[in-house]
Amino acid sequence: MHMLLVYGPRSSTYDFGEGHPLTPRRFGPGIDLLRTLGAEPGLAPEPAPDEELRWCHDAAYIAAVKRLSADPYGRPEAGIGLSDNPAFAGMHEAGAMVAGGSIRAMDAILRGDEEHAFHPGGGLHHAMADRASGFCIYDDPALAIARARRDGLRVLYLDFDVHHGDGVQALFYDDPGVMTASFHESGRYLFPGTGFLDEVGEGPAAGTSVNVPMEPDTGEGAWLDAVRLLVPELAAAFGPDLIVSQHGADSHAWDPLAHLRVTTTAMGEAARIVDAAAHRSAGGRWLATGGGGYDAYRVVPRTWSLVWLAGEHREVPATTDPAWRERWAAEGAEFGQAPPPERFHDAPNAGMPMDWPQEIAEERSIETAASARSAMVPRLLREARDQGWWSAETPRASSSTAPATPPAGDTDAPGTPTVLAAIDRSTWDRLVLSRRILAPFDPAEAHAVVSAALGAGAMVAAAVVGETVVGATVIAADGELLGIGVAPGHRRGGLGARLLAAAPPRTANLSWLAERDPVEPEDLEVRFGIWHRLRTRAGLFGAAEESRA
Ligand SMILES: [Zn+2]
């Protein structure tokens, strides 16, 4: 197993100057520590051409960057020349170089040359279509995603930086083919002031923008719980062709710019959760980037190493190399970031006492993650995980590595379906479940979930053509509707209403942000309309249920 490391001579040219927190000095101890583990850079970033930058950025913005790149003392514009993003000579080439590193790494993954790649100098997630923001000129994770989108692939983007991944979210806010999920310190307290629960995506993309804003003082326990809760479920439900992740190290307890109390231990574990999700739900394709991180000697190098070790599927060594610590001790001390730690993993809670503000913060952050989950994860998948019908840990049934996105014009089991009101488990196990009916996205996984649900007393109604299930409802033993779906080729023919009439649930508590076709979702309003027609036509619910709706 190999993870391509993206780094080269030009990586250090992205430099806003002395005293700026995003310092290229971090590459010294960072790449050096990776090398002590046997990592060798295999792709040196070169500037991406303008036509690629145009995938995400306006021509007028690129022109502005070039002007200030040639004349750093020119009039500030488009977010450049202001305090966060001072202009510097060659900044266009430097920004384009970071973009080029991530785009070429994506190329390598799409060609199948590499399964995983890691670009520690990447992760400039704040850059917008028309302006620089938060130390970010060109949005390299968004450009890498755009590269995959040009091949029609669907992408899950996971952002662990302490700051909300606002640029990537904004650039794909109306694209149902990209799901973004960001775990960050709440925008009430921290730049960029966005990333709240109600930013969910728009139009057909409603439900593909996930945010977990955490309270200041939240530590590794709650942070990692949120990641562990959401990442596997979002990946399983969305069924991406590949994953792009941003591993900013600034959520760490020692980071000077923010207020979470995460550890390298938790950050490394998050990378392993992403790796597992990539193998389970995205054909193994995974591009990781760095991001923020302003403790350049004690925190950033270890975080990068832990991401890379996760991608290499290697155990974490007990200690950092003593010679590495010796090499960087003096320089780290100069910046008040010494000594270089002896271990990759931090002491529990980063060695800080657990105080009551942290306890309260963690309680609230966990509640926020649970809210995000109930809005953004399909009901059946949540119930399946809670009941043990589905686990993020067990290897999945089907091991296909072909892209999950079906070709256009793909149809499933044409013919007139027969509705079976109450199917038993042995009958179900003889049938094949068609695609895009029930969560998880992978039909073999969804089939196994329904099978386990039947074993636990759930009631399942199925619409069947031959041996293929083209529509189904799953109702819990207590009468709650857990899932309903019809295969694309059989929609808009009244099949959903027939299924509900054949086996009426007593209650339903579905989130129409989460309950959608992951490939071709309807507009949110259309989703509500379909649901309303279904329940009306099927005459399902009593007055109490109607008034609650
Ligand atoms: Zn892997």
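**Exercise 1. Prolines in loops**

Pro440 sits in the loop between strand S10 (432-433) and helix H14 (443-455); find the kind of peptide bond that leads from Ala439 to Pro440, and then do the same for Ala338 and Pro339.

*Solution.* Before we start, note that this is a predicted model: local features need pLDDT of at least 70, side-chain atom pairs count only at pLDDT 80 or more, and totals for chains, interfaces and linings use all residues. Residues are numbered from 1 along each chain as its sequence is written, and side-chain values use heavy atoms, with hydrogens and water left out.

Step 1: the bond from Ala439 to Pro440 is cis, with omega near -5°. Step 2: Ala338 and Pro339 are also joined by a cis peptide bond, with omega about -5°. Step 3: place Pro339 in the loop between H10 and helix H11 (356-376). Helix and strand names here stand for DSSP runs numbered from the N terminus (helices are H or I with at least four residues, strands are E with at least two).

**Exercise 2. Positive phi**

Ala350 and Arg492 each have a positive phi without being glycine; decide whether Ala350 is buried or exposed, and do so for Arg492 too.

*Solution.* Step 1: take the cut-offs, where buried means under 20% relative accessible area, exposed over 50%, and partly exposed in between (1.4 Å probe, protein chains only). Step 2: Ala350, in the loop between H10 and H11, has phi near 55°. With a relative accessible area of 9%, Ala350 is buried. Step 3: Arg492 has phi near 65° and lies in the loop between strand S13 (480-486) and helix H15 (495-502). Arg492 is exposed, at 64% relative accessible area.

**Exercise 3. The zinc site**

Which residues coordinate the zinc ion, and what arrangement do the four donor atoms make?

*Solution.* Step 1: collect the donors, which are N, O and S atoms within 2.8 Å of the metal (3.2 Å for Na, K and Ca); water is not among the atoms, so sites may look incomplete. The ligands are His116 (NE2), Asp275 (OD), His279 (NE2) and His313 (NE2), at 1.8 to 2.0 Å.

Step 2: check the angles. They run from 100 to 133° around the zinc ion, and so the arrangement is tetrahedral. Four donors count as tetrahedral if all angles lie between 85 and 135 degrees; four count as square planar and six as octahedral if opposite donors are over 155 degrees apart and all others between 65 and 115; anything else is irregular.

Step 3: go to the sequence, where the donor residues follow the spacing H-x158-D-x3-H-x33-H. His116 lies in strand S3 (residues 116-119) and His313 in the loop between helix H9 (300-311) and helix H10 (322-334), so this pair ties together parts that are 197 residues apart in sequence.

Step 4: look at accessibility. His116 is buried at 0%, whereas His313 is partly exposed at 37%.

**Exercise 4. Helix H7**

How far does helix H7 (residues 220-238) reach from its first C-alpha to its last?

*Solution.* Step 1: H7 has 19 residues, and the expected span is 27 Å at 1.5 Å a residue; the rule is 1.5 Å times one less than the number of residues. Step 2: the helix reaches 26 Å, close to that expectation. Step 3: H7 is mostly covered, with 15 of its 19 residues buried. Just after H7, Gly239 takes a positive phi of about 60°.

**Exercise 5. Empty space**

What volume does the largest pocket have, and which helix gives the most to its lining?

*Solution.* Step 1: on a 1 Å grid over the protein atoms alone, a pocket is an open set of points with protein on both sides within 12 Å along at least five of seven lines, a cavity is a set where a 1.4 Å probe fits but cannot get out, and lining residues have an atom within 4 Å of a point. Points are joined across faces, edges and corners, and a volume is the space filled by probe spheres set on them.

Step 2: the largest pocket holds about 860 Å³. Of its 41 lining residues, the closest to the centre are Ile484, Gly485, Val486, Arg491 and Ile530.

Step 3: H7, S13, H15 and helix H16 (524-538) each supply at least two lining residues, and H16 gives the most, with six.

Step 4: sort the lining of this pocket into 24 nonpolar, six polar and eleven charged residues. Here Ala, Val, Leu, Ile, Met, Phe, Trp, Tyr, Cys and Pro count as nonpolar, Asp, Glu, Lys and Arg as charged, and the others, Gly among them, as polar.
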